[in-house]
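Student: I've got a model open and I'd like to talk it through with you. Can you take my questions one by one?

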Amino acid sequence: MSSLSQILRQKLAATPSGRLPFAQVMELALYHPDHGYYGAGPRKLGRQGDFFTSVSVGPLFGRLLAMQALQEWQTLGEPEDFTLIEQGAHDGQLAEDVLSEIGDRPIRYLIVEPNPRYRAAQAQRLGDRVRWVESLAELKTGPGHGFFLCNELPDAFPVHLVRWNGERWEELHVEADGTEDLRFIPGDLSCEELEAEVQHLPRDLESGHVLEVNLAMLAWIRDLAQAAFRGLIFIADYGLDAEEFYADTRASGTIRRYHQHQMDGHVLENLGGCDLTTHINFTRLIDEAARHGLAQREYGLQGRVLGRMAMSWIQSLEGNPPDAGTMRQFQSLTHPALMGRSFRCLVLRK
Ligand SMILES: C[S@@+](CC[C@H](N)C(=O)[O-])C[C@H]1O[C@@H](n2cnc3c(N)ncnc32)[C@H](O)[C@@H]1O
């Protein structure tokens with residue numbers, strides 16, 4: 001049994017009901033400071049890791065984002081306090097790619113990073129070109145101008161799982177059975193926020209339909225809206241519109257476990273040894289952003305949004321084709337059969 005399974009069993013035993021909402025189990029599996037999949041320190045991404053991200057594909061993603069940020073900086077009249085703000089910066093690779101395109105222009109780079117092991121890894125890669133804050137709450141007084149970016153951040157937030165029983169939404173909790181295994185057990189909704197959120201969910205579903213509720217994502221977009229900076233927010237992640245998210249074909253939800261480029265739904269096995277992740281309900285995210293005053297500037301499949309962002313890069317090549325490696329990166333990021341369709345980009349104006 002892994003150390004994390006033992007820790008979870010102790011926690012379950014110390015709980016009067018012997019159960020915990022799945023969101024708490026996912027929090028532990030991903031962010032336990034010593035044994036969590038992410039909490040223990042930045043893991044390798046890409047070919048040698050468990051999954052690819054647009055960042056691990058190569059530096060082009062960061063270059064395209066940097067060009068977008070530079071356009072915004074110039075449109076605003078090159079303000080002195082213009083700051084690129086990244087959250088979910090992992091080992092600092094995206095920051096390095098963005099900063100190499102920014103060059104020596106007087107633009108600041110700030111990383112929102114709660115985990116000291118990640119800050120150390122980022123500092124080693126990026127040196128003194130970057131500053132850090134631990135949370136979005138620290139951005140309430142400045143900077144005044146910003147370009148916020150994140151790739152695959154809210155898909156890594158712990159989610160509550162709810163199941164439609166034909167009459168009402170129940171929450172899936174986790175308990176230990178008599179053997180070594182953990183299992184799901186339906187129960188009451190564990191908090192008021194979840195009770196409020198299920199009011200937004202459809203009720204014309206087959207009994208047994210499971211959905212994820214990403215309350216952490218809603219709190220995150222609210223915190224982002226309350227930050228002081230004015231500018232753009234760029235969010236890239238895999239996700240769906242509400243209609244697709246609630247479709248009968250996804251009746252077991254979108255939560256998945258990734259390990260060595262294999263994906264499955266056994267999310268209670270090998271806790272801490274695998275990534276756990278869900279699709280983003282972009283419709284819900286956009287609604288919540290609007291409720292907090294963040295206007296949608298652009299939303300679409302990653303292939304389309306990056307294709308548009310690549311126009312100035314292609315023009316800058318003045319007819320010379322990019323090298324084969326860069327061309328392969330562009331195809332991976334934008335081709336519908338690769339990352340172009342499953343990933344989406346949302347740009348908000350703040
Ligand atoms: C799927 S990885 C993506 C890493 C990187 N952005 C990329 O695209 O290659 C998710 C990352 O989000 C980080 N993360 C999760 N919650 C966070 C939070 N509240 N603040 C900062 N980073 C967070 C995790 O530690 C992890 O590094």
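What follows is a chat about this predicted model.

Student: Let's start broad. How many helices and strands are in the protein chain?
Tutor: Remember that we're looking at a predicted model. Going through the protein chain, you'd count twelve helices and 16 strands.

Student: What radius of gyration does the protein chain have, and does that agree or disagree with a compact globule?
Tutor: The C-alpha atoms fill a box of roughly 65 × 45 × 40 Å along the principal axes. For 350 residues, a compact globule would come out near 20 Å, so the chain's value agrees with that: 21 Å.

Student: What share of contacts between residues at least 6 apart in sequence joins residues at least 24 apart?
Tutor: Take the contacts in the protein chain between residues at least 6 apart in sequence, then keep those that join residues at least 24 apart. That leaves you with 73%.

Student: Which helix gives the most to the largest nonpolar core?
Tutor: That core has 84 residues, and Met26, Ala29, Leu65 and Leu285 are among those with the most contacts inside it. The helix giving the most to this core supplies eight residues, and it's H3, residues 60-75. In soluble globular proteins, nonpolar side chains tend to be buried together. So the name you want is H3.

Student: Which residues does alanine 29 touch, leaving aside its neighbours within four places in sequence?
Tutor: Alanine 29 is one of the residues with the most contacts inside the largest core. Its partners beyond those neighbours are Leu4, Gly36, Tyr37, Leu271, Gly272 and Leu276.

Student: And which residues of helix H9 are buried?
Tutor: H9 covers residues 282-291, and glycine 293, with a positive phi near 85°, follows it. The helix's buried residues pack against several elements, including helix H7, strand S10 and strand S16. Those buried residues are Phe282, Arg284, Leu285, Ile286 and Ala289.

Student: Is arginine 125 buried or partly exposed?
Tutor: You'll find arginine 125 in helix H5, residues 116-126. Beyond its neighbours within four places in sequence, it contacts Asp91, Gly92 and Glu96. A residue needs 20 or more other C-beta atoms within 10 Å to count as buried. Arginine 125 has 15, so it's partly exposed.

Student: Last one: which residues are closest to the ligand?
Tutor: The ligand is surrounded by 16 residues. By class, that shell has eight nonpolar, six polar and two charged residues. The closest are Thr53, Val55, Gly88, His90 and Asn151.

Conventions: Residues numbered from 1 in each chain as written. Predicted model: local features only at pLDDT ≥ 70, side-chain atom pairs only at ≥ 80, totals over all residues. Near = placed C-beta within 6 Å. Nonpolar A, V, L, I, M, F, W, Y, C, P; charged D, E, K, R; others polar. Buried ≥ 20, exposed ≤ 12 C-beta atoms within 10 Å, placed from the backbone. Helix = DSSP H or I, 4+ residues; strand = E, 2+ residues; numbered from the N terminus. Contact = placed C-beta atoms within 7 Å. Core = buried A, V, L, I, M, F, W, Y, C linked by C-beta atoms within 7 Å. Rg over C-alpha atoms; globule rule 2.2 N^0.38 Å.
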